[in-house]
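Colleague: I would like a close look at a single part of this model. Please take me through its surroundings too.

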Amino acid sequence: MDVPDAHVVSDSTVDKDDDTRDKETSKETDYGGGLLVVSTNPNDWTRVLTLHHPSLAKAIGIHPWFVTSDHAKDLEAMAELLRDFTELRVGEIGLDKSGRHKATYSSGLQTIVFERQLALAGEHQRSVSIHCVQSHGRLLDVLRELDRDLSRPVPRGVYLHSWSGSPDVTRDILRLKRVGPVIFFGVSLKINASRREIIEAIPLDRLLVESDLQLNDPDRLRAMAEVVKLLVTIISPHELVMNFERFLNLMSKSS
Ligand SMILES: [Zn+2]
């Protein structure tokens with residue numbers, strides 16, 4: 001059974017000038033159990049919009065690595081695209097304190113841009129894919145605040161991709177009254193598939209698997225097969241398909 005890939009990164013930044021690759025992508029029709037393609041910066045949004053396939057869902061977002069102080073016009077453009085294209089989801093957005101991203105994290109800029117995009121996902125009733133590296137405490141604070149403030153709509157579904165938070169943080173998020181019922185957690189081969197303590201804290205009906213690779217990456221399907229194999233004793237491919245379908249239905253405005 002083909003298991004859906006819940007987090008695929010748009011590859012336009014690496015191959016946008018490569019015509020051959022473009023043609024291969026447009027010809028590809030076998031997306032197996034389906035996938036969600038996310039984008040990381042405004043340059044990728046146009047490309048993501050051109051992808052069309054019944055098994056392919058797509059999202060636009062400003063990734064924490066691409067956050068700059070000049071974000072106002074990008075957020076306005078994002079709001080406009082979400083208004084115009086009701087099938088779009090939000091992502092990948094989030095927080096990252098690692099390496100060279102520490103400056104925008106410490107200054108609070110990442111949090112501002114993350115919260116504005118969360119607000120857009122809520123206002124437009126879309127789901128959202130979130131990246132969180134070394135920032136689990138702040139992520140919990142942001143989600144708690146959103147949960148508490150009843151004037152702020154919660155996005156349809158909230159996906160924490162390649163989740164690396166501790167079991168305690170996982171449980172704290174699941175306990176949130178409004179966010180808890182729509183939260184999902186992602187497992188990928190490259191980040192957390194062998195970290196049993198993280199995976200055991202995720203309820204089975206909230207677990208999704210992902211490659212966390214680019215759409216054209218030749219290793220994508222192999223990475224998916226391996227992560228499914230690693231989890232085979234705790235969750236079946238059928239359950240993973242059901243979870244992804246539930247997540248997509250939560251994400252879909254019309255269904
Ligand atoms: Zn990520």
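Colleague: How many of the six residues of strand 5 are buried?

Modeller: Five of the six residues of strand 5 are buried, which leaves the strand mostly covered. Buried is a count: 20 or more other C-beta atoms lie within 10 Å of the residue's own, against 12 or fewer for exposed, with partly exposed in between and C-beta atoms placed from the backbone. Helices (H or I, at least four residues) and strands (E, at least two) are DSSP runs, numbered from the N terminus.

Some ground rules come before the details. Residue numbers start from 1 along each chain, following the sequence as written. The model is predicted, so local features need pLDDT of at least 70 and side-chain atom pairs count only at pLDDT 80 or more, while totals for chains, interfaces and linings use all residues. pLDDT is the predictor's confidence in each residue, from 0 to 100. The protein has a mean pLDDT of 90, and 91% of its residues reach 70 or more.

Now the sheet around strand 5. It is an open sheet of nine strands in the order 8-7-6-5-4-3-2-1-9, with parallel pairing. Strand 8 (207–210) and strand 9 (213–214) stand at the edges with a single partner strand each, so one side of each has no neighbour in the sheet. Two strands count as paired if DSSP finds at least two bridges between them. Strands of a sheet pair through backbone hydrogen bonds, either parallel or antiparallel.

On one side, strand 5 meets strand 4. Five bridges join strand 4 and strand 5 in the parallel sense. V90 stands opposite V128 of strand 5, and G94 has H131 of strand 5 as its bridge partner. Strand 4 is mostly covered, with eight of its eight residues buried. Strand 4 also runs parallel to strand 3, over two bridges. There, I60 stands opposite V90. Further along, strand 3 (residues 56–60) pairs with strand 2 (residues 35–38) in the parallel sense over three bridges. In that pair, L36 stands opposite A57.

On the other side comes strand 6 (residues 158–160), parallel to strand 5 and joined to it by three bridges. V128 has V158 as its bridge partner in strand 6. From strand 5 the chain passes through helix 7 to strand 6, and this β-α-β crossover is right-handed. Right-handed here means that, with the strands pointing away from the viewer, the path from the first strand over the helix to the second runs clockwise.

Helix 6 also packs against strand 5. Its 15 residues (109–123) should span 21 Å at 1.5 Å a residue, and its end C-alpha atoms are indeed 21 Å apart. The expected span is 1.5 Å times one less than the number of residues. Buried in helix 6 are Q110, V113, F114, Q117, L118, L120 and A121. Seen down the axis, these buried residues fall within an arc of 155°, so they line one face of helix 6. The arc is that of the directions from the helix axis to the C-beta atoms. The partners of these buried residues include strand 4 (89–96), strand 5 (128–133) and helix 7 (136–148). After helix 6 comes Q125, whose phi is positive, near 50°.

One caution concerns a separate stretch. Over residues 14–27, pLDDT stays under 50. Where pLDDT is low, the predicted coordinates should not be read in detail.

Note on methods
Two residues are in contact if their C-beta atoms, placed from the backbone, lie within 7 Å.
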